[in-house]
Amino acid sequence: MNTLMKFSAMAFMAMTLTLVSCEDDPIVTPPVVNSDPTVELQDDSGMIVDSFAITNQGANGSFVGRIVIGDDVDDNLQTVSFERDGVLLDGTTSSVRPDSVTSLLSSNRTLVDSFGFSRTFFFQAPNEYDASTTYTITVTDADQATASVDFTITTPVEIVTTPIEQEYTTVLFSNQAGPAGTGGVDLDLGQGTGSMDLTAELRDLGIDTGQPDATNWRRQIAPVNGTVLRAPSSTWVDENPFADVSTKEAILDAFNSSSVDIGESQMVTPGSIYAVWSSDNSRYYLVEVMNVILTADDNTDRYVLNIKY
C-alpha cells in the first residue's frame, strides 16, 4: 500500500471513531423509592400519647377515645388495622370502635384516604382491676410498607372500702350554766352528755363573761378525753359533700387531709365540717354542723350536728 492510501485509510478510521464517540449516552431513569407511612396517637389536646391509666373505679371496661393520625408523603396510604395484645381485630370485634362507641370496624383492615387521615377511635379498657391491655395501630400503604404505634390502657388496683357503721343527727347544747348533763356530745351514740363526761368526744367552750348575756356564747368547740379534732382541707370538703360520704376510708381521708390538730375551734358556723379521732376506741368520725341555734332568753343555745363513723 502506498503512503497516500495508508494515510487515507487511517483518516477514515479516525473519523469513524470520532462519530461513534460523539453519540449521546442512553438516559437511565432512577428507580422510584417508596416512602414509609407514619402513624401517631393524640389526645384531645393534641398531645402525642402512648398510654392511659383509668382512675375511676367504675371505669373498668369503658372506652377511651383517642385521635389516630396516619400520613404518607407518597399519598398512597391504604389501610389502618388494630391488634389487641397481639391479636388482629376484625369487623365483629367491639374492643375498638370508630367515631363513636356504638359503631364497629368495617373489617380487620379499614380503608383510609390515600392522602392521610385523622380519625377518632375508641379503645376498650380491661374489665379487670389492676390490668393492662396494649393496642397496636398499623397503617399500610399500597406498596405494603407499614408503620405502627402501641397504646396501653391500665385499670386501677381495686380499692376495698368499708361502709360506715352509724349515722346520727344530734344536739350539742352550750356549756353556759345550762341543765346538768349538757355541754358535751358522745359521738358513738349520737347523744348529749356533760361537758367533762368520760364518754364525750367534743364539748362546747361556754361563754365569754366579758360580753353581754345576749351575745356572750362563744360558739366554739374543743376535743375532750384524748380526742383529736381537725378541720378537713377545703379541697377535700369541695370534692366530698357530707351527704355523699359513705365509707370509713373517706372519713380517714378527711382526717388526713389536714395535719393541724385543733385545741379550740374558730367560731362554729352552719356548714362547718370536722374530722375527729378518738384515742379511746381508735375510731374516726365526720361531723357536720347542720345548724347553730342561739336563744336570748334561756340557756338552750345549741349546735345541731350530723355524725358519721
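Which residue in strand 19 does Val-289 stand opposite? Select Val-289 and look across: Leu-305 is the residue opposite, in strand 19. Keep in mind throughout that this is a predicted model.

**Stop 1: strands 17, 18 and 19**

Stay with this pairing. Colour strand 18, residues 283-293, and strand 19, residues 302-308. The two are antiparallel, with seven bridges between them. Now add strand 17, residues 273-278. Strand 17 also pairs with strand 18 in the antiparallel sense, over six bridges. To check the register, select Ile-273: its bridge partner in strand 18 is Glu-288. Then go to the turn of this hairpin. Four residues lie between strand 17 and strand 18. Pick Ser-282 there, where phi is positive, near 50 degrees.

**Stop 2: a four-stranded sheet**

Next, show strands 12 to 15. They form an open sheet in the order 13-12-14-15, and the pairing is antiparallel. Which strands stand at the edges? Select 191-194 for strand 13 and 221-223 for strand 15: these are the edge strands. Each has a single partner strand, so one side of each is left without a neighbour in the sheet. Turn the view to look across the strands. From one strand to the next, the twist averages 35 degrees.

Zoom in on strand 12, residues 183-186. Four bridges join strand 12 to strand 13, and the two run antiparallel. One contact to display is Asp-186, whose bridge partner in strand 13 is Gln-191.

**Stop 3: the largest pocket**

Select Asp-213, Ala-214, Asn-216, Thr-295 and Asp-301. Of the residues that line the largest pocket, these lie nearest its centre. The full lining has 14 residues. What is its make-up in nonpolar, polar and charged residues? Five are nonpolar, five are polar and four are charged. The space in this pocket comes to about 170 Å³.

**Stop 4: aromatic pairs**

Show the aromatic side chains. The whole structure holds nine aromatic pairs. Start with Phe-123 and Phe-151. Their ring centres are 5.1 Å apart and their planes stand at 70 degrees; the angle is over 60 degrees, so the pair is edge-to-face. Phe-123 belongs to strand 8 (residues 117-124) and Phe-151 to strand 10 (residues 146-154), so the pair ties together parts that are 28 residues apart in sequence. Are these two rings in buried or exposed residues? Both Phe-123 and Phe-151 are buried.

Move to Tyr-168 and Tyr-309. This aromatic pair is tilted, with 6.4 Å centre to centre and 45 degrees between the planes. Tyr-168 sits in strand 11 (residues 167-173), while Tyr-309 is in the segment after strand 19. The pair therefore links distant parts of the chain, 141 residues apart. Tyr-309 is buried, at 5% relative accessible area.

Now widen the selection to Phe-82, Phe-121, Phe-123, Tyr-135 and Phe-151. Ring pairs link these five into a cluster.

**Stop 5: helix 3**

Select residues 248-256, which make up helix 3. Compare two of its residues. Ala-254 is in this helix and is buried, with a relative accessible area of 1%. Asn-256 is in the helix too, but is partly exposed at 48%. Draw a C-alpha to C-alpha distance from each. Ala-254 to Trp-236 spans 6.5 Å, with their positions 18 residues apart in sequence. Asn-256 to Arg-230 spans 8.8 Å, and these two are 26 residues apart in sequence.

**Stop 6: two loops with positive phi**

Most residues other than glycine have a negative phi. Two loop residues go the other way. Where is Asp-99 found? Look in the loop between strand 6 (96-98) and strand 7 (109-111). Its phi is positive, about 75 degrees, although Asp-99 is not a glycine. Asp-99 counts as partly exposed, with 48% relative accessibility.

Finish at Gln-144, in the loop between strand 9 (132-141) and strand 10. Here phi is near 70 degrees, again positive in a residue other than glycine. Gln-144 is exposed, with a relative accessible area of 53%.

Note on methods. Residues are numbered from 1 along each chain as its sequence is written. This is a predicted model: local features need pLDDT of at least 70, side-chain atom pairs count only at pLDDT 80 or more; totals for chains, interfaces and linings use all residues. Side-chain values use heavy atoms; hydrogens and water are left out. On a 1 Å grid over the protein atoms alone, a cavity is a set of points where a 1.4 Å probe fits but cannot get out, and a pocket is an open set with protein on both sides within 12 Å along at least five of seven lines; lining residues have an atom within 4 Å of a point. Grid points are joined across faces, edges and corners, and a volume is the space filled by probe spheres set on the points. Ala, Val, Leu, Ile, Met, Phe, Trp, Tyr, Cys and Pro count as nonpolar, Asp, Glu, Lys and Arg as charged, and the others, Gly among them, as polar. Two strands pair if DSSP finds at least two bridges between them. Axes are lines fitted to C-alpha atoms, for helices over the stretch in contact, and angles run from 0 to 180 degrees between N-to-C directions. Buried means under 20% relative accessible area, exposed over 50%, partly exposed in between (1.4 Å probe, protein chains only). Rings of Phe, Tyr and Trp (its six-membered ring) pair if their centres lie within 6.5 Å; planes under 30 degrees apart count as stacked, over 60 as edge-to-face and the rest as tilted.
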